[in-house]
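Reader: I am new to protein structures and would like to practise reading one. Could we go through this one together, step by step?

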Amino acid sequence: MELSEDTAMIPCPDPYHCPSQLETLTLIDQLFVYKEKTLEESLVEGCCGIKSNNRYEVKDDIGNKVFTILEDNDCCNRTYCAAARSFIMNVFNDSNQEIIRLVRPFVCNCCKNELEVQSPPGVTIGYVQQNCHVCLPKFTIENERGEPAFKIAGSFLPSMSYCTDANFELVSLNGAAIDRSFGKIVRPFSCCGPNADADFVLRFPRSLEVKMKATLLGACILIDCIYYEELQ
């Protein structure tokens, strides 16, 4: 997938100056995200209302595991603050080394969700900011300096997307039309191939800066928390 003129503001990565902990993302243009929950956790949540920490597995397009994502949170925050809760998500590579950290503050305004992406942990590489809209999901992806890079635009309320794919399109800052998007985050209604049953699919240009790829992964986790957690 190539970058269009509308996305010329996105810097292409320099493989010789890529953060070493993110080298895995250099040649990747798709990620498949699976949310994991055991039967025991589902029963405890259903019977007692006690929510477990979220866990995700992230694979590439041929089914190789790329990352494991683990939520670090306490029971009260997870159970009583629900989708508005603060959290830290630790992202580990296949050597069990934490290479990315996702930090979300508590929100009392449902339209002001935000997420900080760090790599290595403690070093900010990007932000995800929710943009207020009456009914459409909209976000801005920012670099480590808080400067907008591009936007994410959903076409309808995710909760209304039963029996069809929910698409969150990556578009330029100038508000390019949805059909001119250069990538997307998809919550598929159905999926086939080696990555069947993925909860989310991320598609982006291979030449996208690796810091922005990592930030898009954070955006996917935030979207899951805001729109889908109560549906699962």
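Reader: Which residue has its backbone nitrogen 3.0 Å from a polar atom of the side chain of Asn 93?

Author: Happy to help, and keep in mind that this is a predicted model. Start at Asn 93, which sits in the loop between strand 4 (87-92) and strand 5 (98-104). A polar atom of its side chain lies 3.0 Å from a backbone nitrogen, and that nitrogen belongs to Ser 95.

Reader: Does Asn 93 count as buried or exposed?

Author: Leaving aside neighbours within four places in sequence, Asn 93 is in contact with Val 66, Phe 67 and Ile 99. To classify the residue, look at its relative accessibility, which is 18%. Buried means under 20%, so Asn 93 at 18% counts as buried.

Reader: In what order do the 12 strands close into a barrel?

Author: The chain has 3 helices and 12 strands. The strands pair in an antiparallel way, and the barrel closes in the order 1-2-3-4-5-6-7-8-9-10-11-12. Ignoring direction, neighbouring strands of this sheet are turned against each other by an average of 20°.

Reader: Which residue in strand 10 is the bridge partner of Gly 154?

Author: Strand 9 (residues 148-154) and strand 10 (residues 166-171) run antiparallel and are joined by 4 bridges. Within strand 10, the partner of Gly 154 is Phe 168.

Reader: At about what angle does helix 3 run to strand 7?

Author: Helix 3 covers residues 210-228 and lies across a list of strands that includes strand 7 (124-130). Its angle to strand 7 is about 35°.

Technical notes. Residues are numbered from 1 along each chain as its sequence is written. This is a predicted model: local features need pLDDT of at least 70, side-chain atom pairs count only at pLDDT 80 or more; totals for chains, interfaces and linings use all residues. Side-chain values use heavy atoms; hydrogens and water are left out. Helices (H or I, at least four residues) and strands (E, at least two) are DSSP runs, numbered from the N terminus. Buried means under 20% relative accessible area, exposed over 50%, partly exposed in between (1.4 Å probe, protein chains only). A polar contact is a pair of N or O atoms within 3.5 Å; within protein, one must be able to donate a hydrogen and the other to accept it, and residues adjacent in sequence count only if both atoms are side-chain atoms. Contact means heavy atoms within 4.5 Å. Two strands pair if DSSP finds at least two bridges between them. Axes are lines fitted to C-alpha atoms, for helices over the stretch in contact, and angles run from 0 to 180 degrees between N-to-C directions.
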